[in-house]
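Please look through the structure shown below, and then read the report that follows, which takes up its chains and their contacts in turn.

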Amino acid sequence: MSTRAVNAVRDAFRRMAEVDAGPSGLNCILWSDEPYALADAAAVDALPSAGVLAGIPFVAKDNIATTHLQTTCGSRILEGYVSPYEATVITRLRDAGAVLVGKTNCDEFAMGSSNENSAYGPVLNPIRRSRVPGGSSGGSAASVAAGIVRIALGSETGGSVRQPASYCGIVGVKPTYGRVSRFGLVAFASSLDQVGVFGTTVSDAALALEVIAGRDARDATSADRPVDSYRAAATKDLAGVVIGRPREYFPATLDPSILRLCDRALDALRARGATVRDVSLPHTDLAIPVYYIIAPAEASSNLARFDGVRYGLRIDAKGLREMYDATRTRGFGAEVTRRILLGTYVLSAGYYDAYYRKAQQVRTLIAKDFRDVFDSGVHLLFTPTTPTTAFEFGAKSDPYEMYLNDIFTATANLAGVPAISVPIGDVDGLPAGGQLIARHFDEQTMFRGAFALEAARAESQ
Amino acid sequence: MAIGPDDVRHIAALARLAVPESRIPALVSQLNGILSHMDALARVDTSAVTGAAGVGGESMPLRADIGPPIPLEHPLASFAPQLRDGFLLVPRLATHEDSGDDELSE
């Protein structure tokens, strides 16, 4: 009998012990159970035929429901909560032979860009531990970058997979809205949320997405579209592909080192046959104001369910209303509280039209920007993933300054289009990512560009 | 549209959050700081734009109003804070005439 899966899981736990445990560890894994994972792996080894991910260990962000390990969303309000059902994405990976080895640390309820908002302490960036790993899926990104696993699940609402992928020097994918089931993903902002994948390579990410993508009867927003073989895109060059360079993503204030890496990446894409064209997405500068109205508004509604009645933390109080207030006040951290208040305000009587309705209208314009560019014959857009490389812990104390980290990524969530971050080089030893954005459900072309970027970088090293 | 301390108290009550008085000034400042950036939206002409709740690649599909069963691996009792005879227990509303300090209602 094969011992491939058991050996791979043992290796993952060995690496976890080396880099994650103790006061100087990365703090990327919140919950794990080695004997349970080894038993899972032994069951995979015993199967007569291997799935496409047979024996490959993976980790999942702690806002994705699992039936053995806790699902806390990085929050005290769900400490100790074990879901009674499993997320579809976990089931699909396990059915393909992958073995879950841990749940990863994240900003509380996926609200953050640095992983500093977790109730369980920040995750350190494996590339340089004085820097943030990005967020909110920082634990998943760090787990891949540190070599614990090759693939990891995260979730995206405004860039929470692509931004940490860029900061940690790995590949991160946000699929088209509807491409992947959200069943079992704890809701933050339902019109924006999507499960995403991390990989050490484009091929790893492509394989993981192939497995989890596709219609799920348990999520009415999952699309009934065929899922291509994304790995097949690796064999093609970029002849005939038109790549747009949106000028709004290359402002005069962009870090010159990031600009140089982007120019080099675009040269590499040209060298593989692509045509590069300057384009405009004129409403880009409005994406952050729109995002920080819509996402908190949806969050204020979604997080209303955490009140101490059905699950999680309960702070006893004299009456029901007092119990709600005490539980939620003690259970939620500062950033989640701030966003719930913001969302409640923009939805409240007298302010709804000025904020929420207006944001929905501008969101429509942002989506139209993408549609117009793609309708003009552009197949892909290339941008930096983030304006800078990973920053120091504590460097951004102003909430809005932190929100601006999402400036190049939130647009894809607002428009619902797929996007990928691929490493394009280093600045003073810290990785930087380039982002490729494609038309709705055209992950195939997105991966084609990503494979080309990755190959070009490998050749230049 | 600047937010004041009473606005924060009001939305905190709507959101079922007991924000301590000591945190109100900081929240007033932070929320006003964030909302000042939202003023940019007012300058965009959206008179001809219909707002969309979502902008996915396709419209929301309809399905029969019966979902597939969700297999539960753990019973409700394993994660509910308090349960009796299959019902969730919560404190009585303070407005109930017969509410007592230690009473729980189903």
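Among the contacts in chain B with a separation of 6 or more, 18% are accounted for by residues 24 or more positions apart. This value, like the others in this report, comes from a predicted model. The secondary structure of chain B consists of two helices and four strands, and when it is read along the sequence these elements follow the pattern α-α-β-β-β-β. Of the 106 residues in chain B, 15% are buried.

Chain B also touches chain A, and in this interface 67 residues of chain A are in contact with 52 residues of chain B. On the side of chain A that touches chain B, the elements that give two or more residues are helix H8 (287-302), helix H9 (320-331), helix H10 (334-347), helix H11 (352-375), helix H12 (399-403) and helix H13 (410-415) of chain A. The largest share of that side comes from H11(A), which gives 12 residues.

Within chain A, the domain assignment gives domain 1 (4-232) and domain 2 (288-353). The centres of these two domains of chain A, taken over C-alpha atoms, are separated by 26 Å, and the contact between them takes 20 residues from domain 1 of chain A and 17 residues from domain 2 of chain A.

At a smaller scale, helix H1 (residues 4-19) of chain A packs with helix H2 (residues 34-45) of chain A at an angle of about 155 degrees, and their axes lie 7 Å apart. Because angles over 145 degrees count as roughly antiparallel, H1(A) is roughly antiparallel to H2(A). The crossing of H1(A) and H2(A) is right-handed. From H1(A), the residues A:Arg4, A:Ala5, A:Val6, A:Val9 and A:Phe13 take part in this contact, and they meet A:Glu34, A:Ala37, A:Leu38, A:Ala41, A:Ala42, A:Val44 and A:Asp45 in H2(A).

The table sets out the residue classes for the contacts described above.

| Contact | Nonpolar | Polar | Charged |
|---|---|---|---|
| H1(A) with H2(A) | nine residues | no residues | three residues |
| Side of domain 1 of chain A that touches domain 2 of chain A | 10 residues | seven residues | three residues |
| Side of chain A that touches chain B | 36 residues | 17 residues | 14 residues |

Notes: Residues are numbered from 1 along each chain as its sequence is written. Chains are lettered from A and ligands numbered from 1 in the order in which they are written. This is a predicted model: local features need pLDDT of at least 70, side-chain atom pairs count only at pLDDT 80 or more; totals for chains, interfaces and linings use all residues. Axes are lines fitted to C-alpha atoms, for helices over the stretch in contact, and angles run from 0 to 180 degrees between N-to-C directions. Angles under 35 degrees count as roughly parallel, over 145 as roughly antiparallel, 65 to 115 as roughly perpendicular and the rest as oblique. A crossing is left-handed if the near helix is turned anticlockwise from the far one by less than a right angle, and right-handed if clockwise. Two residues are in contact if their C-beta atoms, placed from the backbone, lie within 7 Å. Ala, Val, Leu, Ile, Met, Phe, Trp, Tyr, Cys and Pro count as nonpolar, Asp, Glu, Lys and Arg as charged, and the others, Gly among them, as polar. Domain bounds come from an automatic or database domain assignment. A residue is buried if 20 or more other C-beta atoms lie within 10 Å of its own, exposed if 12 or fewer, and partly exposed in between; C-beta atoms are placed from the backbone.
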